[in-house]
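Trainee: I am new to this structure and should be grateful for a close look at a single part of it. Please then set that part beside its surroundings.

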Amino acid sequence: MSLSSALSIAQSSLLNTGRQTNVVSRNVMEQNNSDYARRTAVLSSSAPGARVVVIQRATNEQLFRQNLSAVSAYSGQATLYIGLDHLNLRVNGVENAMSPAASITELQKALQIYSAAPSNRTLADNAINAAREVVRSLNDGASSIQAFRAETDQEIAYAVDDLNNLLAQFKDANNRIVAGTRAGRDVNDELDRRDGLLKQISDFLPISTITRSDNDMVIMTSDGTTVFETIPRSIAFEASPAYPAGEAGNKIYIDGVPVPIGSGGTVGAGGKLAALVQLRDSVAVTMQSQLDEIARGLINAFAETNPSAPPPGDPMAGLFTTPPPAPGMPLTGLVHGLASAISLNPDFVTHPEYLRDGGANGANYIHNPGGSSYAELIIAYSQRLDEPVSFDPAAGIGDKASVAAYSANSIGWFQGLRQEASRAAETKEALAVRSAEALSNMTGVNVDMEMSMLLDLEHSYQASARLIKAVDEMLAALLAAVR
């Protein structure tokens, strides 16, 4: 080997070592960046010596896709569980203290105490106050549900705007990658940015990707709807300030195709958008329907009847009623919005003895002609709350139960949904964490490994420096010999 060849090899080694050191240093600097993929300087032999031909980016397509899927599933599940938690507190309160079931239980207790001393006006007023609390729990619960739906609708609008913005950013990153790939430039940083945007997009939608020539990427939803191909597809949603009780809200459309809604405690559709639509149009609507059915059961249970008429005794509005125009008595079938409309009959507020005697609707409805110790009607009202009646199965918790049991079943239905959502959230969170760890192990930065590589590069630098020094000494000796 000639001295010039040895010097050229040493210079090439120093240049390669410098580039490799830059790559390792960048890896160490980006160790806490979850979107950064480890870089490796790939060497290729050339005469004389070797050279860095490419900076290679660590990838694992299969693990990355699994992580996108896990992120989407957990995002949807967490959104559902958090939403259920907020809705439960707003409607039922801490430990269900504000729930209709709790207030109905208190009403039954007040009626039982009143029936033991029917002549006591204070106990009659207490029963009326307990009934007022039942109305309040239904009115406030229905109002909270409608407010929750409006807020969730607005949250959907914000999420759609964020998603459209992410897709616009994705378009810019994808265009730079395609142009850079065609020009032969290093596009690793843009690939990192694009992968980071994919993770954020998967937070809203379950997605899959296809990579075409020149690193061009296509994004689709899990059901095959195209979200991005060269340009972003339109994600459209029209927000509304309020929705009538029982009415589904506006849909989210991806290029004209509606986003599927989640179902049950486990969000099968995945993604934040599906969970938000489920909360607004499934969970909240079902809960509203249950409150409406409880209100219907109460109005029917406390309806006044004509004691001389054959069953059902020409029922008329009793302790609980609705503002005019009120539906006919008895109420049959689900009446949307009834929990918001139910009110305490003002005649009973003025004359609480109507609970004992009847007669709020006239002389034909009097059950007690004048005995102050009469308790049969009070006892009958209390018993009606425990008698099985028909409910609309569309409310989701069966078609036969007592009013008291139905209100308790409503809480049980909701708590069961929350528990299922909680368990699923824990499972999906674990899967998201594990898939992220597996991806990081394959493509992330291991500082110990990078520091070990730096030591090797230092040794390589020292060897190259010694070679240059040896060549320099030889050249000096030759020049001295020539002189």
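Mentor: What follows begins with one helix and then turns to other helices and to two sheets. The model is predicted, so local features need pLDDT of at least 70 and side-chain atom pairs count only at pLDDT 80 or more, while totals for chains, interfaces and linings use all residues. Residues are numbered from 1 along each chain as its sequence is written, and side-chain values use heavy atoms, with hydrogens and water left out.

The part I have chosen is helix 6, residues 272–301. Helices (H or I, at least four residues) and strands (E, at least two) are DSSP runs, numbered from the N terminus. At 1.5 Å a residue, the 30 residues of helix 6 should span 44 Å, and its end C-alpha atoms, 42 Å apart, agree with this; the expected span is 1.5 Å times one less than the number of residues. Helix 6 nevertheless has a kink of about 40°, centred on leucine 279, where the bend is the angle between axes fitted to the seven residues ending there and the seven starting there. Of its 30 residues, 27 are buried, so helix 6 is largely enclosed by the rest of the structure (buried means under 20% relative accessible area, with a 1.4 Å probe and protein chains only).

Helix 2 (residues 61–92) passes helix 6 with the axes coming within 9 Å and crossing at roughly 30° (axes are lines fitted to C-alpha atoms over the stretch in contact, and angles run from 0 to 180 degrees between N-to-C directions). That makes helix 2 roughly parallel to helix 6, as angles under 35 degrees count as roughly parallel and those over 145 as roughly antiparallel. The crossing is right-handed, the near helix being turned clockwise from the far one by less than a right angle.

Elsewhere, helix 3 (residues 100–116) and helix 11 (residues 403–443) have axes that come within 9 Å and cross at roughly 155°. That makes helix 3 roughly antiparallel to helix 11.

There are also sheets. One is open, with four strands in the order 3-4-5-6 and antiparallel pairing (two strands pair if DSSP finds at least two bridges between them). Its edge strands are strand 3 (207–211) and strand 6 (231–232). Strand 4 (residues 217–221) is joined to strand 5 (residues 226–229) by three bridges, and isoleucine 219 stands opposite phenylalanine 228. Another open sheet has three strands, ordered 7-8-9, again with antiparallel pairing.

Notes
Buried means under 20% relative accessible area, exposed over 50%, partly exposed in between (1.4 Å probe, protein chains only). Angles under 35 degrees count as roughly parallel, over 145 as roughly antiparallel, 65 to 115 as roughly perpendicular and the rest as oblique.
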